[in-house]
Each structure stands twice: as C-alpha cells, then as structure tokens.
Amino acid sequence: MPETSFVFPNDPHVPWSIMIVLYPYITGLVAGAFVVSALYHVFHQEVLKPVASLALVTALCFCAFATLPLLLHLHHPERAFYIMFMPSFTSAMSGFGFIYNFYILLLLVEVWLVFRPTIVERASTHSGISGVIYRVLALGVREISDRSRALDQWLIRALAIIGIPAACVLHGYVGFLFGAVKANPWWSTALMPVIFLVSAIVSGIAALILLYLFFSWRRGVKPDADCVRSLSRYLWGSLIVAFSLEMLELIHMAYESSAEWHVLSTLLTEHLAFSYGVVQVLIGSVVPFFLLMIATRPKLPPWMMNALSGLAGILLLVQVFAMRWNVVVGGQIFSKSFRGFVEFPLHWGGREGLVAAGIILVLPLVALWGASKLLPLWQTSES
Amino acid sequence: MNWIRAFVRDTRHLWTLLFLVVASGAGFLFVRSKMIPESFGQYGPYRATAMTDLAALPSRFQADATCLECHEDVGEERAEAVHITVRCVHCHGLGEEHIVQARKAAESSDVSIDPASDWDGDFMTKIDLYITKDRATCLACHESVVGMPEDFQKIDVAEHLEEMGAGEPEDPETCFECHGGHDTAP
C-alpha cells in the first residue's frame with residue numbers, strides 16, 4: 001500500500017541531542033572514578049592512595065552534574081521530580097531517579113566520613129565564611145574520638161563495598177536504557193550495559209590520571225610514579241576489555257548479517273566513518289593501547305611515563321566520548337525503515353548547543369576546584 | 001553507664017547524619033503525598049480521571065463520511081483515485097464549525113454557511129476550513145524525504161517542474177496546471 005503516505009514521518013527529527021551524549025559520558029566518569037577509590041578503600045590497593053580521595057571527590061563532583069544535561073534536554077525541567085513522585089515501575093527510566101539518588105547519597109556520606117577529621121578540625125580553627133561552611137559541614141559535632149574514627153573507617157569501607165555494585169548499576173542501567181530499545185538494531189543488544197560500564201571505567205581512570213598529573217603540576221610536586229603506573233595498568237586492562245567487547249559486538253552483528261546489517265554497515269562505513277573508524281577505533285583505542293603498553297613498562301623514566309599516560313588519557317577521554325556519540329547519534333541518523341539516513345543537527349548556541357555542552361563539562365571541574373580549596377584532596381598521600 | 005555515654009558520644013555524628021537522611025526522606029514523602037493526584041495509579045502510572053477529562057472533550061475530528069454527506073461529487077471524484085486514502089481534514093482543516101453550520105442550514109433556510117477561508121500557509125493555525133491549491137499542501141506528503149518507500153510518489157520540486165515543462169514554475173498553484181486535488185491523475 002504505497003499510497004498510504006510515507007511510513008516513518010517521525011524519522012527526520014532527531015530527538016536526542018548532544019545532551020543525551022553527555023549524560024552517559026558524565027555518569028561514566030562518576031562510575032569510573034568511584035571504582036578507583038574502591039580499589040583503595042575495599043581492595044587495599046595502597047599504591048592508589050595518592051588518588052583515593054581525589055577519585056572519591058571527583059566522582060561526587062561529576063555526579064552532582066550528571067542530571068544537568070537531562071534537565072536542559074527536557075522541555076519541562078520542572079517535571080523532573082515527577083519521575084520520583086509518580087514512578088512507573090515498568091519503565092527503565094523510572095529506576096534512574098532512585099538509583100541516582102541512592103548513589104549520590106552514598107557518595108555524600110562517604111566523602112563526609114572521609115574528610116570529617118579535617119572538617120571538625122577546621123570548624124574550630126577557621127573563621128569567616130570558610131569557618132561557617134566547615135561548621136555547617138560538621139553537623140554540630142565538633143569532637144572525634146579514636147573509637148568514632150574507627151567506626152567511621154569501618155563505615156567508609158562498608159559504603160565503598162556497597163558503592164561498587166551501586167556504581168555498576170548506575171552506569172549499567174544507562175547502557176540498559178539503550179540496549180532495551182528493541183526497535184533500534186544499533187542499540188538493542190544485551191552487551192550494551194556491559195560495554196557502557198567498562199568504557200565508563202576507562203573514562204574514569206583516564207580522567208583521574210589527567211587530574212592527578214594536572215594537580216601535581218599545579219602544586220609543584222612530582223606525581224607518585226608507582227601510582228601513575230598502577231593507574232595506567234588498570235587503564236590499559238580496562239581499555240583491552242572495553243575495546244574487545246565493542247569489536248565482539250560489531251563482529252557478531254556483521255557475522256549474523258541480519259536484515260538490519262545492510263543499514264548498519266552503511267552507517268559505519270559512510271556516516272560514522274570518521275567518528276567511529278578514525279576517532280573511536282584508530283585514534284581512541286589502537287593508539288592508546290600502544291601508548292599504555294609502553295607507559296606501563298617498569299624501567300621507563302617517570303617523565304616519559306607521565307607524558308605517555310597523560311596523552312593516552314586524553315585520547316581515551318575522546319574515545320569514550322566518541323563511543324557515546326556513535327551510539328546516541330548513530331542510532332538516530334538511520335531511518336527505522338532501514339532505507340535512508342538523516343542529518344544530525346548540531347548548533348553552537350541554544351539550550352542544547354555545543355556551548356552549553358562545553359559549560360556542562362566544565363562545571364564538575366569548577367566544583368572539583370572548589371572542593372580542592374575546601375578539602376585536602378592530597379592529605380592521604382602526604383600524611 | 002559510662003559505656004552508654006561513650007557510645008552516644010562516639011556515634012553522635014552518625015545519629016545526626018541519620019536524622020538528616022530520615023528527615024529528608026520524610027520531607028520527600030510529605031511533598032509526594034501533596035503532589036500526587038487522588039486517582040493516580042488506579043489504572044496505571046497516571047491520573048485515572050485524565051481519561052474521563054479527555055473523553056469529555058468535544059470531538060473535533062470529522063470523518064470523511066460526514067463531509068461526503070453533502071459533498072457527494074467529491075466522493076465520486078475520489079472513488080477511483082489514489083487520494084482515496086487521504087482524509088478530507090488533511091487538506092482542508094477540521095471543518096468543525098463548518099459542519100455545525102451545515103447541519104443547522106439543513107434544518108433551517110435562515111442559516112447560512114460561511115465560505116471556506118484561504119489557507120494562511122501554516123498547518124498549525126486553527127483555521128476551521130480552508131481551500132488551497134498551494135503547492136506546500138501537496139509537498140507536505142510528496143516532497144522527497146528519507147525513509148519514504150521507494151515506490152511512493154515523491155518528487156524533487158524543481159526537477160519535476162522542469163521535467164514536466166511547467167508554464168509557471170514559481171506559481172504556488174503550479175501543481176494544479178497538471179493535477180487535480182481529489183483525482184490527481186495528470
């Protein structure tokens with residue numbers, strides 16, 4: 001019945017903008033940074049002590065802004081709380097409000113417990129605005145005994161243990177949202193949550209390496225070589241797993257050659273040729289693989305290790321962003337008729353433009369800078 | 001009793017924290033109880049009375065059969081044409097007031113029917129009834145866009161007009177040089 005007008009008139013409009021690319025990107029950074037902090041607090045990786053506090057606060061700062069892209073994307077941001085007030089439990093999205101709130105509460109409590117000795121001490125010694133902030137943060141309790149500190153340490157470890165599955169659920173669920181869209185063959189795969197989670201760990205570790213190198217440079221101290229090497233090893237391992245899973249999924253689709261492969265192969269070879277083939281695979285995965293392989297060699301001079309790890313970190317942050325981009329945008333630019341492609345509109349200005357996206361990415365770093373002024377992110381490495 | 005005092009002292013910060021968390025949770029539940037409409041959840045995760053509210057709205061959509069009660073000639077014209085599948089409202093607007101007037105006019109000769117308006121070029125304005133030969137109306141369906149079936153009558157306007165040798169290619173009503181609206185066969 002070709003006379004019944006065209007079949008998919010909703011296809012030309014691409015509803016999910018760059019904000020929906022940013023949302024999994026930022027939550028991924030949260031999950032990845034938390035995993036590093038858990039490696040220290042739970043798995044006693046003492047070598048990561050210099051970045052343990054930084055990792056925890058980084059996770060909190062990014063988590064605080066994880067929902068901002070969604071709010072900008074919504075045309076009625078004031079309705080955001082409806083998902084909590086009146087949840088539809090059969091909707092995957094309704095889980096987000098509860099998982100996110102549980103996770104940010106857990107992060108807040110853990111950060112508070114980790115820094116409580118400093119907060120209590122400064123509540124007594126600082127005056128002015130900073131003194132007020134510390135006194136508010138101390139919640140009216142201005143003394144710490146050995147037993148209370150021991151109890152806090154036990155709680156910190158317990159929260160870190162609970163936080164690992166919570167972080168995995170938080171980010172695995174983001175992948176689940178895409179993987180559960182059965183009408184979209186580019187998204188609908190059970191591997192999607194796993195791929196999102198592992199690439200989240202990649203982006204989190206990469207961001208931590210860069211932040212650690214940057215803050216060390218700003219403070220005029222040498223980065224702990226063992227810590228950077230260890231982070232690089234974890235990054236290398238995570239990259240290998242993430243990249244293997246991404247390629248496995250692709251090979252699986254190609255080998256199956258189902259009806260949708262026709263449009264997906266055109267999508268990859270023509271429309272995403274640069275962002276997937278060049279950025280995500282070549283520059284973002286293959287090059288950092290070799291950089292990290294060299295960087296993790298034990299006898300490498302620290303300056304070279306830092307340079308190679310830092311460069312790999314930058315490339316991997318780009319890679320994970322490209323991965324989110326290719327998933328979110330790639331899944332929307334082919335018609336669900338599997339017969340054509342549409343353009344993805346990308347603008348500089350506006351609520352969902354590139355400038356707004358840039359500001360959102362900078363805001364967690366501003367918060368981290370503010371946190372570094374309030375809390376001793378390096379205390380554990382130097383004490 | 002010293003151990004009780006010591007326990008309270010050592011855990012006071014945690015009780016304060018717990019109080020804040022519980023108070024926040026209670027605050028959330030209180031606000032939630034005030035925000036949820038009474039009939040929410042009766043049928044599913046939405047306000048049940050929204051169904052009756054919506055059902056009570058007057059129906060604005062007119063079926064073709066209503067139009068063809070009077071416009072029999074159009075029905076005959078379209079009978080064998082490909083546009084048999086296109087609804088009257090697609091090209092002429094809802095016609096809600098028009099039909100109310102027509103029904104009254106059928107009963108009383110004192111009631112007159114307002115003529116159809118000219119289309120203002122915007123599908124989103126709520127003109128009750130319009131007649132247009134503007135090409136934009138045709139191209140709403142026939143302009144080539146992605147995702148359309150290969151065998152659907154889609155055209156690139158400039159290319160099509162040049163190919164067909166249109167006399168007035170810039171004229172908005174140029175489609176009607178060759179095609180009709182109801183029976184579109186050239």
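What follows walks through the helices, cores, contacts and domains of a predicted two-chain model.

Some bookkeeping comes before the details. In this predicted model, local features need a pLDDT of at least 70 and side-chain atom pairs count only at pLDDT 80 or more, while totals for chains, interfaces and linings use all residues. Residues are numbered from 1 along each chain as its sequence is written, and chains are lettered from A and ligands numbered from 1 in the order in which they are written. The model scores ipTM 0.81 and pTM 0.79. Chain B has an average pLDDT (the predictor's confidence in each residue, from 0 to 100) of 87, and 99% of its residues score at least 70.

On to the inside of the model. A nonpolar core here is a set of buried Ala, Val, Leu, Ile, Met, Phe, Trp, Tyr and Cys residues joined through C-beta atoms within 7 Å. Buried takes 20 or more other C-beta atoms within 10 Å of a residue's own, exposed takes 12 or fewer, and partly exposed is in between, with C-beta atoms placed from the backbone. The largest core holds 104 residues, and A:Leu208 and A:Leu235 touch the most other members. Helix α1 (residues 18-41) of chain A brings the largest share, 18 residues; helices (H or I, at least four residues) are DSSP runs, numbered from the N terminus. Another core, of 9 residues, lies apart from it and includes A:Trp186 and A:Leu272.

Helix α9 of chain A covers residues 225-256. The expected span is 1.5 Å times one less than the number of residues, so its 32 residues should stretch over 46 Å, and the end C-alpha atoms are indeed 46 Å apart. Right after α9(A) comes A:Ser257, which has a positive phi of about 45° although it is not a glycine. A:Ser257 sits in the loop between α9 and α10 (261-271) of chain A and counts as exposed because it has 11 C-beta neighbours inside 10 Å. A:His44, in the loop between α1 and α2 (49-64) of chain A, also isn't a glycine and has a positive phi, near 55°.

Then there's the contact between the chains, where two residues count if their C-beta atoms, placed from the backbone, lie within 7 Å. Chain A puts in 28 residues and chain B 22. On the chain A side, α7(A) gives the most, with 3 residues.

Chain B itself splits into domain 1 (2-56), domain 2 (58-132) and domain 3 (133-186), with bounds from an automatic or database domain assignment. Taken over C-alpha atoms, the centres of domains 1 and 2 of chain B are 53 Å apart.

Key
Helix = DSSP H or I, 4+ residues; strand = E, 2+ residues; numbered from the N terminus.
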